[in-house]
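Open the model in a viewer and keep the selection panel at hand. The stops below say what to select next and what is there.

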Amino acid sequence: MVPLTTILLTGSFKTVLFCGSIEKRKRVYVLAKAIPLVLKELQDRNIKFQFIGNYENIDVDGVSAKNEIYKIIPQRYHKNIEFLGIIPNKELKSPLCPTG
């Protein structure tokens, strides 16, 4: 299954949502490397990057995907990142459709 990355423009926050297994082979680190660039370019503090999926996967270097993402992204942008963990498919509608 291909991971889902989508942008939600609801409420006071814009949300970039990654949904899938959070690991290197899913190219999640490419998205992580883009986060500081996006935030700097748009100069918008109301952008959240949410990750839905197992973030405790350990890569070959022995570091969890979550910790690797935090290493990639400068500390000042950590407040713009949320790891929501594994959400069952039947409950996934909630983050994708916050209004209903």
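Leaving aside its neighbours within four places in sequence, which residues is Glu82 in contact with? Select Glu82 together with Lys48, Phe49, Gln50 and Phe51: these are its contacts outside that window, a contact being heavy atoms within 4.5 Å.

This is a predicted model, in which local features need pLDDT of at least 70 and side-chain atom pairs count only at pLDDT 80 or more, while totals for chains, interfaces and linings use all residues. Residues are numbered from 1 along each chain as its sequence is written, and side-chain values use heavy atoms, with hydrogens and water left out.

**Strand β4**

Stay on Glu82, which belongs to strand β4, residues 81–85. Helices (H or I, at least four residues) and strands (E, at least two) are DSSP runs numbered from the N terminus. Glu82 is partly exposed, at a relative accessible area of 30%; buried means under 20%, exposed over 50% and partly exposed in between, with a 1.4 Å probe and protein chains only. Add Ile52, 30 residues away along the chain: the C-alpha atoms of Glu82 and Ile52 are separated by 8.7 Å.

**The whole chain**

Zoom out and show the cartoon. The protein has three helices and four strands, in the order β-β-α-β-α-β-α along the sequence. Of its 100 residues, 41% are buried. Among contacts between residues at least 6 apart in sequence, 64% join residues at least 24 apart.

**Helix α1**

Next select Ala32 in helix α1, residues 28–42. Its relative accessible area is 0%, so Ala32 is buried. Apart from neighbours within four places in sequence, Ala32 is in contact with Ile69, Ile72 and Ile73. The C-alpha atoms of Ala32 and Glu68 are separated by 9.3 Å, with their positions 36 residues apart along the chain.

**The salt bridge in helix α2**

Move to Glu68 and add Lys71. Both lie in helix α2, three residues apart, about one turn of the helix. Their side chains meet in a salt bridge, 3.5 Å from N to O; the term means a side-chain nitrogen of Lys or Arg within 4 Å of a carboxyl oxygen of Asp or Glu. The structure holds one salt bridge. Is each partner buried or exposed? Lys71 is exposed, at 57% relative accessible area, whereas Glu68 counts as buried, at 16%.

**The loop before helix α2**

Select Ser64, in the loop between β3 (47–52) and α2 (65–72). Ser64 is buried because its relative accessible area is 13%. Its side chain reaches the backbone nitrogen of Asn67 at 3.2 Å. Not counting residues up to four places away in sequence, Ser64 touches Tyr55, Glu56, Asn57 and Ile58. Asn67 itself is in helix α2 and is partly exposed, at 42% relative accessibility. The C-alpha atoms of Asn67 and Glu56, eleven residues apart along the chain, are separated by 8.6 Å.

**A pocket**

Finish by selecting Leu39, Lys40, Gln43, Asp44, Arg45, Arg76, Tyr77, Lys79 and Asn80, which line the second largest pocket. On a 1 Å grid over the protein atoms alone, a pocket is an open set of points where a 1.4 Å probe fits, with protein on both sides within 12 Å along at least five of seven lines; lining residues have an atom within 4 Å of a point. The volume of this second largest pocket is about 150 Å³, a volume being the space filled by probe spheres set on the points. Its lining divides into two nonpolar, two polar and five charged residues, with Asp, Glu, Lys and Arg counted as charged, Ala, Val, Leu, Ile, Met, Phe, Trp, Tyr, Cys and Pro as nonpolar, and the others, Gly among them, as polar.

Definitions and conventions
Polar contact = N/O pair within 3.5 Å; in protein donor to acceptor, adjacent residues only side chain to side chain.
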